[in-house]
Amino acid sequence: MTDHGDDSHDGGDHSDHDHGHQHGHDGDGHQHDHDGHHHHDVDSVAAAVVTVSSSRGTDEDPAGDYIAGAFEETGHEVVVRELIPDDYDSVQGTVDRLARRKDTDVVVTTGGTGVTPDDVTPEAVRGLLAKPLPGFGELFRRLSYEEVGTRTIGSRATAGVVSATPVFCLPGSENAVRLGVDEIILPEVGHLAGLAGRGLDEAEEDENQATNDEAADDEPTSDE
C-alpha cells in the first residue's frame, strides 16, 4: 500500500476517551426530546470491516484489527472482514455488496483516502451514497489537526449512507483509525444505524403481507 498523505497520524491511543455525549439538536438543527429522537437507536450493530490495500495481507492489518476489536469490545458484532486492492471497481463493488447485506448494519473501510494516484476509496464510494454525511470528514479533520497539524488537509476521510447502511471511510494508519473509531464512529453508530434503517422492517413486512394476500387471492376456491 502506498504511503498515503492522510496516514501520517502520530498521536497517542484514544481508546481511553470518554464516549459519553448528548444530542441537543436533530439533523436540521432543531432542539428535540432526547428520548423521542433516540427511540430508533440500536444497542448493538453488525459491522463489515474492509481494508483497502494492495500490499498488506490478512496477517498484517493493524488498522482493520483495531476496527474489529473496538467494535467487539463495545458490544457490537463483526460479521465480515475483507481485504481488497486499491482499485476503483473493487472498492465500489465491495462496499455496495456489503451495504446491501441484510445482516450488516454498518460498513467501515480503512485505506485509500489519501492523495496518491491509487487512493480511490472516496471516489468509488461517493457514487454509491444516497445521503452523504459531510460532518464526519469535517470533524475527523478537525480532531486530526490536533495531532498532525496542517498535514490533515491530505485526508479525504468520508462517510454517507448506502442502501440504508452507514458507511465510514477511514485512512489506512492505525492512529487515524483509532481517532475515527473511538472519537466519532462508536459514539454515533447505533444512532445513525437506527435512523438509516428506520421504517425498513415495517416496509418489508407490508410488502410480504401484500405478497401473501395476492397469493391467497390467486388460490382456487372450492367451487372452482
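**Close-ups of helix packing in a predicted model**

This predicted chain averages a pLDDT of 81, with 71% of the residues scoring at least 70; pLDDT is the predictor's confidence in each residue, from 0 to 100. Since we're looking at a predicted model, local features need pLDDT of at least 70 and side-chain atom pairs count only at pLDDT 80 or more, while totals for chains, interfaces and linings use all residues. Numbering runs from 1 along each chain as its sequence is written, and side-chain values use heavy atoms, leaving out hydrogens and water.

**View 1. Helix 5 packs against helix 6.** Here residues 134–148 (helix 5) meet residues 174–196 (helix 6) at an angle of about 125°, axes 10 Å apart. Helices are DSSP runs (H or I, at least four residues), numbered from the N terminus. Axes are lines fitted to C-alpha atoms over the stretch in contact, with angles from 0 to 180 degrees between N-to-C directions. The two helices are therefore oblique to each other (under 35 degrees is roughly parallel, over 145 roughly antiparallel, 65 to 115 roughly perpendicular, and the rest oblique). Their crossing is right-handed, meaning that the near helix is turned clockwise from the far one by less than a right angle. Helix 5 brings Phe136, Leu139, Phe140, Leu143, Ser144 and Glu147 to Ala176, Leu179, Gly180, Glu183, Ile184 and Ile185 of helix 6; contact means heavy atoms within 4.5 Å. Sorted by type, that's eight nonpolar, two polar and two charged residues (Ala, Val, Leu, Ile, Met, Phe, Trp, Tyr, Cys and Pro are nonpolar; Asp, Glu, Lys and Arg charged; the others, Gly among them, polar).

**View 2. Helix 2 also meets helix 6.** The axis of helix 2 (residues 62–73) comes within 10 Å of the helix 6 axis, crossing at roughly 25°, so helix 2 and helix 6 are roughly parallel. This crossing is right-handed too. Pro62, Ala63, Tyr66, Ile67, Ala70 and Phe71 of helix 2 touch helix 6 residues including Val177, Val181, Ile185 and Val189. The contact has eleven nonpolar residues, no polar ones and three charged.

**View 3. Two phenylalanines stack in helix 5.** The whole structure yields two aromatic pairs (rings of Phe, Tyr and Trp, its six-membered ring, with centres within 6.5 Å; planes under 30 degrees apart are stacked, over 60 edge-to-face, the rest tilted). Phe136 and Phe140 have ring centres 6.5 Å apart and planes at 25°, so they're stacked. Being four residues apart, they're separated by about one helical turn.

**View 4. Low-confidence stretches.** Residues 10–37 stay under pLDDT 50, with 38 contacts beyond four places in sequence. Residues 203–211 also stay under 50, with one such contact.
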